[in-house]
Amino acid sequence: MTRKSRNSILKPRKLEEMFDSLSEDEAETEVDVEVDVGGKRKRESTVPGKMEVLLRIRPTPQESYPECIHATGPNSIAISAPENHMGTKNAEKSRIFAFSKVLQAETTNRQLFTKQFSQRVNNTLLPTSESLVVFAYGITATGKTHSMEGTRDDPGIIPQTIQLLFHNKTNEEEVSISMYEIYNENLYDMLNYTAAGSAKPRSLKLKEDGSGQIWIPGLSQNLVETAEEARQTLINGLGYRKHAATGMNKKSSRSHAVVMINIRNSVTKEWQSSISFIDLAGSERQTRTGNDGIRLKESVAINSSLMTLGRCLKALRWNHDNKQRRKKHVPFRQAKITHAFKNAFLGSGSTVLMVNVSASARDYDETVHVLKYASLATALPCSSQPKNALMNIEPAAKRQKETATAKTESDSRAEPAYVSPQQDESELFEENEELNDEIDRLKSELFESERRAAEMEARIREEVAEEMSELLREMEKSYHTRLEAEVTAARNAASAVGNTSKGAMAEMKELKEELKQAELELSSAKGEIETIQRANEENEHALVDSFKSLLEEETTQLKANAAMEKETLELQLDRQRQENEELRLRLKRMKEATRAALRRYNANMSPTPLLGSPLALSNLLVESEKEHPSSVGEKEASQQQDGEYDVDMSDFVIKNPSASLSENENNPAQKENLPAAAQDAKKGKKKKKKRPATSQLAHGTPVARRTRAGRRACAAIENVRV
Ligand SMILES: Nc1ncnc2c1ncn2[C@@H]1O[C@H](COP(=O)(O)OP(=O)(O)OP(=O)(O)O)[C@@H](O)[C@H]1O
């Protein structure tokens, strides 16, 4: 064993790598036929030999993975690497493999049996009596057991074989059944599982003699007379087979199961043929099955025995392809299953290798390896080995020979026996074979001890991991305990605080409620205010607008009015001015007339003093009026407005007033009759423009009032006053 492979066995995880490296070696040994690979011609192994290689594709379960296998003909398939597949050379992206027959996923067990096995089963009976070996080989969960055993509705190859055998066999033939499983490289009799009086399973050994005969001493053989009896025996035996659920198969076989149906002459009791069904355990990758512990140990045993099968096929193929060269040793003895069926691989009888595959791209890597192995087997030839060399049962002849050898040994103690050259050669061959066996046994032991070391390592790892997780669990537990204590303390403290502040909390709750309510109200009030504000703003705008327009209207109106009024007033003013002017002129004329009258008077020296006589004055006024007719009232009012009416009464005083006064003063009568106005005028010298004098004038003296003219004068004066 190479250093590389030893290391691989020591570390179970490396098994996948071993598997891979082996497959890469196989890729170099492809021969014989050119097939089309991705548009290029490439040599592929498709040579049909005695060994029939059937490819059965199982139906793809409902899953998201696409299919990577499709049939390219009745005898060939193409397998394509999934997109972005790592580690696939471009040339290998799509490969074609040829087989004796490709069975599509729709093929039932009945169709499989009828087309591929019924004739071969019949051939085991008289007169052909050719032994048959059927292997079911493939990765886990691809339908090996389904093909072999089947279901009630679709029985597998084994039950159908029994049915057919019992239907076709002659009375000269009788049938027996043997069953065993190879579990973790130990052989167990499935028809007699435990040793007598013990609960422990009984392990059996394989034996091989110089003639190439291989048998299992002590393996049970149950004679069955009917098909039903055979079926029942089968069911009982298979009940012992080890199964377990893995990440890839709910009921995965953990051992290689062998069912042998042996046919012998009912009279001579000589074995004539046998049919062996070998349901191999499926190869599996630990990364996908998730196996550990016992399952991992089983995986190691399954995979290493399947690797041995691969090596055997490889060596056989090399020997077949290199006939002129020294033959390579085929390591049949390195696994119980290859050793037990060594003769089947060497071409004795009829051998069928049924390769079960899944078309799912998920299984691409494993499927490619399986196809490479299977393609090696397609070219394996048949040989002229004895037909009955496959029965793993102790042959009667061998038993006789052993008895004879024991007798010879006891005789040899008496006298030395003659040894013929042929006998010598035969003994040498047997010795040689025994040595070879010993070498193989030692190799197996080495392999076994390496496997145990690997297991031990795995166990130690497991134990360390378990210890570590125990430690972690304890740490976690103590942490939890501390945490819980702290949480409890915190809770207690919180509840103490909570009790005291319960009232406050309730109050706070109420307040919060109130606050919430107030907030709600506030928000609704805000809303209302906003609505009102908006309405107000709108109203204000409308009011302002209407007020503006009103104002503008009124302003315009007022302006117009003012302008009109101004105009009117200006007109009035003008008229007034005119009138004033006229009055002034009239007054002037009156003054002048008065002066003239006074002058005339003075000049005439009239004995009746004019001054102070209202009658005289009014006469003068009437005269003046007659001369210059006008509306006196209005003009007087206008004069009063203009302040022009304030006539200086001194104008009406005589030129020499002192003289006049003194005259009057000197004349008491006259003095007595002196009108008040004159007296006031006298006083007026002192107090000019004194109203009472004018007023008195206006009211007139009782004398003045007695005449019409006087009254008119008084009224005129009154009007002027007003
Ligand atoms: N051709 C088929 N038709 C219907 N169901 C199938 C077919 N092949 C396989 N199956 C189903 O697939 C599942 C796995 O099949 P099976 O146990 O026979 O695989 P296996 O190759 O023997 O697996 P392992 O190597 O793990 O023992 C089973 O439930 C089986 O019924």
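Two strands pair if DSSP finds at least two bridges between them. Strands (E, at least two residues) and helices (H or I, at least four) are DSSP runs, numbered from the N terminus. By these rules, S9 and strand S14 (residues 222–224) pair in the antiparallel sense over three bridges. Ser176 has Leu223 as its bridge partner in S14.

This is a predicted model: local features need pLDDT of at least 70, side-chain atom pairs count only at pLDDT 80 or more, and totals for chains, interfaces and linings use all residues. Residues are numbered from 1 along each chain as its sequence is written.

Start with the whole chain. The protein chain holds 23 helices and 19 strands. Of its 722 residues, 33% are buried. A residue is buried if 20 or more other C-beta atoms lie within 10 Å of its own, exposed if 12 or fewer, and partly exposed in between; the C-beta atoms are placed from the backbone. Contacts use those backbone-placed C-beta atoms too, and two residues are in contact if theirs lie within 7 Å. Among contacts between residues at least 6 apart in sequence, 71% join residues at least 24 apart.

Return to S9, which spans residues 173–183. Eight of its eleven residues are buried, so S9 is largely enclosed by the rest of the structure. Besides S14, S9 pairs with strand S17 (residues 256–265), antiparallel, over ten bridges. Val175 has Ile263 as its bridge partner in S17. S9 also runs antiparallel to S10, and four bridges join them. There, Glu181 is matched with Tyr188 of S10. In a regular strand the side chains alternate between the two faces of the sheet.

S9 and S10 form a hairpin with two residues between the strands. Asn184 is found in that loop, between S9 and strand S10 (186–189). Its phi is near 50°, a positive value in a residue other than glycine. Asn184 counts as partly exposed because it has 18 C-beta neighbours inside 10 Å.

Now move to the annotated site. The unreviewed UniProt entry places the feature "binding site" at Gly138, Ile139, Thr140, Ala141, Thr142, Gly143, Lys144 and Thr145. UniProt positions are given in the numbering used here, feature names are shortened, and annotations may be inferred rather than shown by experiment.

Ile139 is found in the loop between strand S8 (132–138) and helix H5 (144–148). Ile139 counts as buried because it has 23 C-beta neighbours inside 10 Å. Leaving out residues up to four places away in sequence, Ile139 touches Gly282, Ser283, Glu284, Asp363, Glu366, Thr367 and Val370.

Ala141 lies in the loop between S8 and H5. Although Ala141 is not a glycine, it has a positive phi of about 65°. Ala141 has 23 C-beta neighbours inside 10 Å, so it counts as buried.

Thr145 is found in helix H5. With 24 C-beta neighbours inside 10 Å, Thr145 counts as buried. Its contacts, not counting residues up to four places away in sequence, are Ser253 and Asp279.

On the other side of S8 in sequence, Pro127 is found in the loop between helix H4 (118–123) and S8. A cis peptide bond joins Leu126 to Pro127, with omega about 0°.

Finish with helix H9. H9 (residues 294–321) has 28 residues and reaches 40 Å from its first C-alpha to its last. That is close to the 40 Å expected at 1.5 Å a residue, where the expected span is 1.5 Å times one less than the number of residues. H9 is mostly covered, with 21 of its 28 residues buried.
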